[in-house]
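The following exercises concern salt bridges, strand pairing and burial. Please examine the sequence and the model before working through each solution.

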Amino acid sequence: MENLSTSLWALLLATLGSTASQPLGAEAVCTARPPAKYSLTFTGQWSQAAFPKQYPLFRPPAQWSSLLGASHSSDYSMWRKDAYVSNGLRDFAERGEAWALMKELEAAGEKVQSVLAVFSAPAVPSGTGQTSTELEVQPRHSLVSFVVRIVPSPDWFVGVDSLDLCEGGRWKEQVSLDLYPHDAGTDSGFTFSSPNFATIPQDTVTEITSSSPSHPANSFYYPRLKSLPPMARVTLVRLRQSPRAFVPLAPDLTNRDNEIVDSLSVPETPLDCEVSLWSSWGLCGGPCGKLSTKRRTRYVRVQPANHGTPCPELEEEAECVPDNCV
């Protein structure tokens, strides 16, 4: 009986000891092997039928920016609801500029090894359409985050924050999520085509709903709806690979030259330059009875990208004879 009691006490102490060694609130450790590769498909569902209010039809029409994301550990956060965005994400959400965000991802990969790999996908030139890419995850870097800018918009985007593709000891086979618009908290514009109006002080990331912001001018304001329809959808599917063919990406991003490269090597969609209409002709100055010149100008609405049509001349001159001289 004494030996049995001793054994029970030893078992109890061992159990308590193993439980105490795990801190409260500790994240589940991913033990899946080997590393996994996924296809990611982003599907835009921003149609005029689903979002009729102020739907952008031209200059520019409704479209999605390129997709930019990373596979990472819990030490890194690309964006998070109710948190402030970084300078890099601000630039991406407001203007679609990825340089600063790529530098931040590069720094996170170099300093604390929290970012395993960066992935991207080409832009979608309309509100409805698809784009896709591939990405890799490892047990320590099993989280996936990405952002896609809503074009046009002040600082609005859709995306995923720290989606875990690992479930204990196995990789998830498929994950699909509906995506809804978010406000980066850096611009106070209410409509898709609002001019720049910086939010001072900067606000946190918030989800845009049918009733928030509760202003009739808001492009997503639909007071009769309980919730907005999904603006996009993302599907991740695990890819099967032979062990010999699988070569995981190194977490070092120093040789990327801050260039967004699609892992599928698919050419990115060209974006042609768009300019405004010509302004009215300026006054014709100069001495009476002598030929002079007058000028008119136009400005760039959309900068070209990915070898799209370059911008034409933005200034034009014509001969004239002054008619307002004495």
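**Exercise 1.** Identify the residues that are linked in a network of salt bridges, and examine the pair Asp-91 and Arg-95.

*Solution.* In this predicted model, the network of salt bridges links Arg-90, Asp-91, Glu-94, Arg-95 and Glu-97. Within it, take the salt bridge between Asp-91 and Arg-95, whose closest N and O atoms are 2.8 Å apart. Next, locate the two residues: both belong to helix H2 and are 4 residues apart, about one turn of the helix. Finally, classify their accessibility. Asp-91 has a relative accessibility of 12%; buried means under 20%, so Asp-91 counts as buried. Arg-95, at 44%, counts as partly exposed.

**Exercise 2.** Determine which parts of the chain are tied together by the salt bridge between Arg-140 and Asp-75.

*Solution.* The structure holds 15 salt bridges. In one of them, the side chains of Arg-140 and Asp-75 meet at 3.6 Å, N to O. Arg-140 is placed in the loop between strand S4 (128-137) and strand S5 (143-151), and Asp-75 in the loop between strand S2 (63-72) and helix H2 (87-95); the pair therefore ties together parts that are 65 residues apart in sequence. As for accessibility, Arg-140 is partly exposed at 46%, whereas Asp-75 is exposed at 54%.

**Exercise 3.** Locate Glu-173 and Arg-240, whose side chains meet in a salt bridge, and classify each as buried, partly exposed or exposed.

*Solution.* The N to O distance of this salt bridge is 2.8 Å. Glu-173 is in the loop between strand S8 (170-171) and S9, and Arg-240 is in the loop between S12 and strand S13 (274-275); the pair links distant parts of the chain, 67 residues apart. Glu-173 has 36% relative accessibility and counts as partly exposed. Arg-240 has 62% and counts as exposed.

**Exercise 4.** Describe how strands S1 and S9 pair with S12.

*Solution.* Begin with strand S1 (residues 36-45), which pairs with S12 in the antiparallel sense over 8 bridges. Here Leu-40 stands opposite Leu-236 in S12. Then consider strand S9 (residues 174-179): 6 bridges join S9 to S12, and the two run antiparallel. Leu-179 has Ala-232 in S12 as its bridge partner.

**Exercise 5.** Decide whether Asn-218 is buried or exposed, and list its contacts beyond neighbours within four places in sequence.

*Solution.* Asn-218 is found in the loop between strand S11 (206-207) and strand S12 (232-239). Its relative accessible area is 1%, so Asn-218 is buried. With those neighbours set aside, Asn-218 is in contact with Lys-53, Gln-54, Trp-156, Phe-190, Ile-208, Ser-212 and Pro-213.

Notes
Residues numbered from 1 in each chain as written. Predicted model: local features only at pLDDT ≥ 70, side-chain atom pairs only at ≥ 80, totals over all residues. Heavy atoms only, no water. Buried < 20%, exposed > 50% of the residue type's maximum accessible area, 1.4 Å probe, protein only. Contact = heavy atoms within 4.5 Å. Pairing = 2+ DSSP bridges. Salt bridge = Lys/Arg side-chain N within 4 Å of Asp/Glu carboxyl O.
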